[in-house]
Every structure is written in C-alpha cells, then in structure tokens.
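Reader: Hello! I'd like a close look at how the helices pack in this model, with every cut-off spelled out.

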Amino acid sequence: MAGTSDGAGARGASGALDGPGAPGAIVDGRPPRGSVPGGGAAAWVNRWRLTARAYEPLWRHRSVGLLTRGAFSTARELKALVAWTAPAAGAEVLDVGCSAGLYARTLAAAGANVHALDASRPFLVEAARLAARDGVSLSLVQGDAHALPFADDRFDAVVVGATLNELADPARALGEIARVLRPAGRAWFMYARRAGPLGRPLQALMGWGGLRFPAPDELDAWAGDAGLVPIQSEERGAVVLALYGLGRGAPDVAATSPSPGWEGPTPRRNRRFNWERRLDGEGEG
Ligand SMILES: C[S@@+](CC[C@H](N)C(=O)[O-])C[C@H]1O[C@@H](n2cnc3c(N)ncnc32)[C@H](O)[C@@H]1O
C-alpha cells in the first residue's frame, strides 16, 4: 500500500526533489495552490479511485487500437517507447502524468530509474500497486506538469503519454520538460491529434471537459519555443508519437517514419488483446 510523504528529506536546498521517496511512498511535489492552471472535468474524474482502478484494464490497453481504428496497438506503442527513448541501464527518466504507470513500469523493466509524476493521488496509489505486482521499483511524486518539482538538467528522458491532451497550458509544461532535460535528453509524446472536419464537433464537445487536441505543427511550435527540436514522429489515425531533443544537445538522428519493424504482420495475440487490425492499404508502402 502506498504511503504519503510530505517530501521531507527528498527536497534539496533549491526546493527541488533530489532523492527518491521510500519504496511505495508518494512524495508530495505539488506547487503552491493557485500557482498553476487548474484542469477541467477530466481532472475531477481523475481524482476518483474507481477511475484509477479501471483506467488500465478497461481503457489504456485498448485506447491506441481504438483511436487508430485498429492500425496500431498499445503493445507496439510500448515497443516504440523503449526503442525511441533508448534508456541506458540506470538512465534517469520522468513520466509526466503517469496515471497507473504503464510507461513508467515499461521503462523501469527496461532498466531505467523512473520517476512517475501525476496530479492525482488515486492514480499514484494504483501505480504503486501495479509496480509492486510487476516487481519494478518507481519513485512516485504527486505534482503538476506546469511546475515540475525537479532541478534543471535532471533527466535523460521525459515521457508523456496522452497527458498533453489534458493540460490547461501545454506550452508552459513543455518549457518545464525542456528545463529538466539533460542536454542530450529526449522527450517522448503520445497524444490524440486534432481531428479532420468530421471529428471536430466531437472534439469540441470534449473540450468542455478540459481535453485539447493539438495539431502536430502546434506541438512543434510549442516545443520550438521551449528549445526542443523534432527528432522522429509517427502518425496513425488520431494518434501521434513524437520524439524531441534539446536543440543545444540533441543527437542528429535521421527521421525514420514509419519506424523499422513496424510494418510486419500483427501477431494474432495482439490483434485480440489490442484491437489491432490493419486498415486497407495502411502502412503497406
Ligand atoms: C490520459 S492520462 C495519461 C496516462 C498515462 N500517461 C498513460 O500513458 O497511460 C492523463 C494523466 O495525466 C494526469 N494529469 C492531468 N493533468 C496533469 C497535470 N497538470 N500535472 C500532472 N498530471 C496531470 C491525470 O491525472 C492522468 O493520470
């Protein structure tokens, strides 16, 4: 069971968290009240224990398959996450808006030292439960993407899975992500993109709940303002995967889209569990 820490012993002189909490503990890294923009209805629903418990089994493992109409799967997304961020053993990785910790557990299993941050305490409790179930260790932090409680140049990679869609001020969060990245660090984003004319009314409706759907060039613009440059990206239906590096230290990686190995046939097992199927003509070229 996750405990709570007020951060005592985990904050350095600057006020930034500089050490992990006790195993399973949730360190309090929240900014002062009123200093960050609030979320909408989605943020409210994220505070329910039921949402946290149901999120991964009922939605997350199927979400990418549904949003890409079967052209892609969560299993492939996780494979790309590890391949693109390429964490070395012991690399310091931050998962922003970790929810129940799917990315965090995946990267911890790949050998990274993962800090999993979320605004919702019930989600962090669930992340602690699932990490214990899977035998991986995570540093859990309750905090806000708009004011990350970490020192500058702290992480080799920052990963953000769909949290961009829930942020009130994504440009500010990108500034924070660039700040905590080391010069050669990488930032990974998975998000649902702005729909075409048919899907816009639905997205406008979801906007009332605090959800936003950026176009890829909008994200590029926010990233550019934060000093992040695009390295690699892939679009599948409504889903975008994108990797950025800091302009000052990013390795010169040639864009490869689609990624090598992604065009192979989908294993039958994935089809069943991830709702993955190939769209006619999709990805054949
Ligand atoms: C769509 S879920 C993303 C889940 C997770 N990254 C994944 O890939 O499964 C969004 C998560 O971001 C969190 N969140 C929303 N706004 C946030 C903020 N301002 N700071 C930190 N976490 C936030 C929510 O509590 C929720 O757990």
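Here is the structure, and the answer below starts with the helix pairs and then turns to a few residues.

Reader: Which residues of α2 and α5 make the contact, and at what angle do the two helices pack?

Author: Happy to take you through it. This is a predicted model, where local features need pLDDT of at least 70, side-chain atom pairs count only at pLDDT 80 or more, and totals for chains, interfaces and linings use all residues. Residues are numbered from 1 along each chain as its sequence is written.

Helices (H or I, at least four residues) and strands (E, at least two) are DSSP runs numbered from the N terminus. Counted that way, the chain has nine helices and nine strands.

Now to your pair. Two packed helices are described by the angle between their axes and the distance between the axes. Axes here are lines fitted to C-alpha atoms, for helices over the stretch in contact, with angles running from 0 to 180 degrees between N-to-C directions. Helix α2 (residues 49–67) packs on helix α5 (residues 121–134) at about 45 degrees, and their axes are 8 Å apart. Angles under 35 degrees count as roughly parallel, over 145 as roughly antiparallel, 65 to 115 as roughly perpendicular and the rest as oblique; α2 and α5 are therefore oblique to each other. The crossing of α2 past α5 is right-handed, meaning that the near helix is turned clockwise from the far one by less than a right angle, while anticlockwise would make it left-handed.

The residues that make this contact are R49, A52 and R53 on α2, and P122, F123, V125 and E126 on α5. Two residues are in contact if their C-beta atoms, placed from the backbone, lie within 7 Å. By class, the contact of α2 with α5 has four nonpolar, no polar and three charged residues. For these classes, Ala, Val, Leu, Ile, Met, Phe, Trp, Tyr, Cys and Pro are nonpolar, Asp, Glu, Lys and Arg are charged, and the others, Gly among them, are polar.

A second pair makes a good companion. Helix α3 (residues 74–85) and helix α4 (residues 102–109) cross at roughly 55 degrees, their axes coming within 10 Å. They are therefore oblique to each other, and α3 passes α4 in a right-handed crossing. Here L78, L81 and V82 of α3 meet Y103, T106 and L107 of α4. The contact of α3 with α4 divides into five nonpolar, one polar and no charged residues.

Helix α6 (residues 170–180) is worth a look too: P170, A173, L174, E176, I177, A178 and V180 are buried. A residue is buried if 20 or more other C-beta atoms lie within 10 Å of its own, exposed if 12 or fewer, and partly exposed in between, with C-beta atoms placed from the backbone. The cover over the buried residues of α6 includes β3 (92–96), β7 (181–192) and α8 (216–226).

In the loop between β6 and α6 sits L167, which is buried, with 27 other C-beta atoms within 10 Å. Leaving aside neighbours within four places in sequence, L167 is in contact with A145 and A173.

Finally, A86, in the loop between α3 and β3, has a positive phi of about 40 degrees although it is not a glycine. A86 is partly exposed, with 13 other C-beta atoms within 10 Å.
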